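I opened the notebook to record what I looked up in this structure, entry by entry. The order follows my own lookups.

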Amino acid sequence: AGASLRIVMGPVIAFGMVMLFRHIGWAPIEEGYELSQYAGVRTTEAIIILMGAMPAPITSFLLNEKFDNCPSKAASMVLIGTIAGVVTIPLILALSHNFIFTN
């Protein structure tokens, strides 16, 4: 459940952050804007969304192993997240491309 929640909620939170940044003016978006004018901002938005879609890091497993705190559960979460990432990362990349560069 933890790995599934991470895979689903990570991109949702990242999209929410991008929308918040646009709403408060940190990532301005104007009607008919020139893409080259905001290329750095749009690239940063894409990176935020991509990082939100990435699976859980191996660091969590290593810390659980070091402190002997259910390392097998941590390893299974990393495995499930990594396998799910094979499907979800290309999907998130396609969605973020449509969301960022067509709005």
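Entry: His 97. I looked up the accessibility of His 97 in the predicted model. The relative accessible area of His 97 is 45%, so I noted the residue as partly exposed. His 97 belongs to helix H4. I then took the C-alpha separation between His 97 and Arg 42, which is 9.6 Å in space for 55 residues in sequence. Arg 42 turned up again later, in the list of H2 residues that make the contact with H1.

Entry: Ala 84. This residue also has its place in helix H4. I read 25% relative accessibility for Ala 84, which counts as partly exposed because the buried class ends under 20%. From Ala 84 to Phe 99 I noted 22 Å between C-alpha atoms, with the two positions 15 residues apart in sequence terms.

Entry: the pair H1 and H2. I wanted the geometry of this pair, and two packed helices are described by the angle between their axes and the distance between the axes. Helix H1 covers residues 2-24 and helix H2 covers residues 39-53. Their axes come within 7 Å and cross at roughly 160°. Angles over 145 degrees count as roughly antiparallel, and H1 and H2 are therefore roughly antiparallel to each other. I also noted the handedness: H1 passes H2 in a right-handed crossing.

Next I listed who makes the contact. On the H1 side I found Arg 6, Ile 7, Gly 10, Pro 11, Ala 14, Phe 15, Met 17, Val 18, Phe 21 and Arg 22. On the H2 side I found Arg 42, Glu 45, Ile 48, Ile 49, Met 51, Gly 52 and Ala 53. Sorted by class, the contact of H1 with H2 has 11 nonpolar, 2 polar and 4 charged residues.

Entry: Glu 45. Is Glu 45 of this contact buried or exposed? I read a relative accessible area of 3%, so Glu 45 is buried. Glu 45 is found in helix H2. I then asked which residues Glu 45 touches, not counting residues up to four places away in sequence. I wrote down Val 18, Arg 22, Ala 27 and Ile 100. Val 18 and Arg 22 are listed on the H1 side of the contact with H2.

Entry: the core. In soluble globular proteins, nonpolar side chains tend to be buried together. I looked up which residues form the largest nonpolar core here. The core has 8 residues: Ala 14, Phe 15, Val 18, Ile 49, Ala 53, Ile 92, Phe 99 and Ile 100. H1, H2 and helix H4 (71-102) each supply at least two residues of this core. Val 18 and Ile 100 are both in this core and are both touched by Glu 45.

Entry: Ala 3. I went to helix H1 for this residue. Ala 3 has 7% relative accessibility and so counts as buried. With neighbours within four places in sequence left aside, Ala 3 is in contact with Met 77, Ile 80 and Gly 81. I also took the C-alpha separation from Ala 3 to Ile 24, which came out as 31 Å for 21 residues along the chain.

Entry: Met 19. Helix H1 also holds Met 19. At 41% relative accessibility I put Met 19 down as partly exposed. Met 19 and Gly 85 are 66 residues apart in sequence, and I noted 23 Å between their C-alpha atoms.

Entry: positive phi. Which residue in the loop between helix H3 (58-66) and H4 should I start with? I started with Asp 68, which has its place in that loop. Asp 68 has a positive phi of about 50° although it is not a glycine. Its relative accessibility is 64%, so Asp 68 counts as exposed.

Cys 70 is found in the loop between H3 and H4 as well. Phi of Cys 70 is near 55°, again a positive value in a residue other than glycine. At 41% relative accessibility, I recorded Cys 70 as partly exposed.

Definitions and conventions
Residues are numbered from 1 along each chain as its sequence is written. This is a predicted model: local features need pLDDT of at least 70, side-chain atom pairs count only at pLDDT 80 or more; totals for chains, interfaces and linings use all residues. Side-chain values use heavy atoms; hydrogens and water are left out. Axes are lines fitted to C-alpha atoms, for helices over the stretch in contact, and angles run from 0 to 180 degrees between N-to-C directions. Helices (H or I, at least four residues) and strands (E, at least two) are DSSP runs, numbered from the N terminus. Angles under 35 degrees count as roughly parallel, over 145 as roughly antiparallel, 65 to 115 as roughly perpendicular and the rest as oblique. A crossing is left-handed if the near helix is turned anticlockwise from the far one by less than a right angle, and right-handed if clockwise. Contact means heavy atoms within 4.5 Å. Ala, Val, Leu, Ile, Met, Phe, Trp, Tyr, Cys and Pro count as nonpolar, Asp, Glu, Lys and Arg as charged, and the others, Gly among them, as polar. Buried means under 20% relative accessible area, exposed over 50%, partly exposed in between (1.4 Å probe, protein chains only). A nonpolar core is a set of buried Ala, Val, Leu, Ile, Met, Phe, Trp, Tyr and Cys residues joined through side-chain atoms within 4.5 Å.
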